[in-house]
Amino acid sequence: MDPSLDGPEEGVGLDASLSWMRAAGEMTRLRLLYLLDRLDLTVSDLMEILNQSQPRLSRHLKLLVDAGLAERSREGAWAYFSTVNSGAARAFLDAILQPLNEQDPTFAADLRVLEAVRAKRQKRASDYFAANAENWDRIRALHIGEDDVEAAMLDMGLSAAPRSLLDLGTGTGRILELFAPHVARGVGLDSSRDMLAVARAALANRQHPHMQVRQGDAYALEGVGRFDLVVLHQVLHFLEEPDLALRQAASCLNADGRLLIVDFAPHGIEDLRERHAHRRLGMSDQQMAQWFDEVGLQQFDERALVPQQTTVDGEALTVRLWLAGLSA
């Protein structure tokens, strides 16, 4: 996987060009690219859509991956396939896929089954979200409205006009949705397959093919690539070693990139530790400044969003945002 999301290379050689053309120039493989450009799919999904055998589809997918037109990402026992999202190969795919007619009988039939696959994913994701919504609603009720938090995130996160986004601990994929209109490509990482199912369904439902999710570990980001904006939204308070996660996040920044952190200010709501697995009850400015210094980051901006009123129990959470970049 190479979601560095840089623009296309200056040009490609004859061998690479011919390998792309050979890979795409076959009916099943063109249908695969057409589908994978719309939704990350497993071999089982593709068997259902194309009504072809697993060995046959696996051979075609391997050829597309080897040619650099598709990529494979592992999530537990499952592997998801998608089209590549950067570089000259992306430009090649745009050139051959955009002119294709959705009303063509073969493509139209494929898309009908694809929508059924999408609907099944959405139901599974909705069921999971409904089963856990009470926990999330309880925490959201303790702090300022999400609209205010998201407005501040956009204002700070877009200050350096990023083209690429990495969302660590993407959860439901909401941050990918939020930034989707403003960046060319985005990748969300999460360790939970259940949460990835929620995020994948939400992004597909809202037609954001340029925003993708992958299973990943915030402590191990080698090979993920470099991005203009890396976001850690309500992630650090769950971690045993936030400083290690920050070091890894910093390693994913382009030279002029920005790291946006959203978390809680220090508080005393022990219920969040006991019932919701929070490892830390908020982050202070002093602690964040120390971590930034240790990992080679300099702070550019910070904000505090204080709720106007407390809950019935007198509890409330201040949301803090920090924006940092690599030290000169």
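These legends walk you through several close-up views of one predicted model.

The numbering starts from 1 along each chain as its sequence is written. Because this is a predicted model, local features need pLDDT of at least 70 and side-chain atom pairs count only at pLDDT 80 or more, while totals for chains, interfaces and linings use all residues, and side-chain values use heavy atoms, with hydrogens and water left out.

**View 1. The whole chain holds twelve helices and nine strands.**
Helices (H or I, at least four residues) and strands (E, at least two) are DSSP runs, numbered from the N terminus. Of the 328 residues, 50% count as buried. Here buried means under 20% relative accessible area, exposed means over 50%, and partly exposed lies in between (1.4 Å probe, protein chains only). A contact means heavy atoms within 4.5 Å. Among the contacts with a separation of 6 or more, 72% come from residues 24 or more positions apart.

**View 2. Helix H2 meets helix H5.**
Two packed helices are described by the angle between their axes and the distance between the axes. For H2 (residues 27–36) and H5 (residues 87–97), the axes come within 11 Å and cross at roughly 105°. That makes H2 roughly perpendicular to H5. Axes are lines fitted to C-alpha atoms, for helices over the stretch in contact, and angles run from 0 to 180 degrees between N-to-C directions. Angles under 35 degrees count as roughly parallel, over 145 as roughly antiparallel, 65 to 115 as roughly perpendicular and the rest as oblique. Which residues meet here? Leu-30, Leu-33 and Tyr-34 of H2 touch Leu-93, Ile-96 and Leu-97 of H5. By class, this contact has six nonpolar, no polar and no charged residues. In this scheme Ala, Val, Leu, Ile, Met, Phe, Trp, Tyr, Cys and Pro are nonpolar, Asp, Glu, Lys and Arg are charged, and the others, Gly among them, are polar.

**View 3. Seven strands form an open sheet with mixed pairing.**
Follow the strands in the order S5-S4-S3-S6-S7-S9-S8. S5 and strand S8 (297–305) stand at the edges, each with a single partner strand, so one side of each is left without a neighbour in the sheet. From one strand to the next, the twist averages 20°. Two strands pair if DSSP finds at least two bridges between them.

**View 4. At one edge of the sheet, S4 and S5 run parallel.**
Five bridges join strand S4 (residues 185–190) to S5. One bridge links Gly-186 to its partner Met-211 in S5. Between the two strands, the chain passes through helix H9 (residues 193–205), and this β-α-β crossover is right-handed. Right-handed means that, with the strands pointing away from the viewer, the path from the first strand over the helix to the second runs clockwise. H9 lies across S4 and S5, at about 170° to S5. Strand S5 (residues 211–215) is mostly covered, with four of its five residues buried.

**View 5. Strand S7 has S6 and S9 as pairing partners.**
Strand S6 (residues 227–233) pairs with strand S7 (residues 253–264) in the parallel sense over six bridges, and Val-231 stands opposite Leu-260 in S7. With S9, six bridges join S7 in the antiparallel sense, and Leu-260 has Leu-323 as its bridge partner in S9. Ten of the twelve residues of S7 are buried. S6, H10 and S7 make a right-handed β-α-β unit. In helix H10 (residues 242–250), the buried residues include Pro-242, Ala-245 and Leu-246.

**View 6. Two loop residues, Asn-51 and Gln-207, have positive phi values.**
Most residues other than glycine have a negative phi. Asn-51 has a phi near 55° and is found in the loop between helix H3 (43–50) and helix H4 (54–67). Is Asn-51 buried or exposed? Asn-51 counts as exposed, at 71% relative accessibility. Gln-207 has a phi of about 60° and sits in the loop between H9 and S5. Gln-207 is exposed too, with a relative accessible area of 54%.

**View 7. Glu-150 lies in helix H7 (residues 146–157).**
Glu-150 counts as buried, at 12% relative accessibility. Leaving out residues up to four places away in sequence, Glu-150 touches Arg-174 and Leu-178. Glu-150 and Val-262 are 112 residues apart in sequence and 10.0 Å apart in space, C-alpha to C-alpha.
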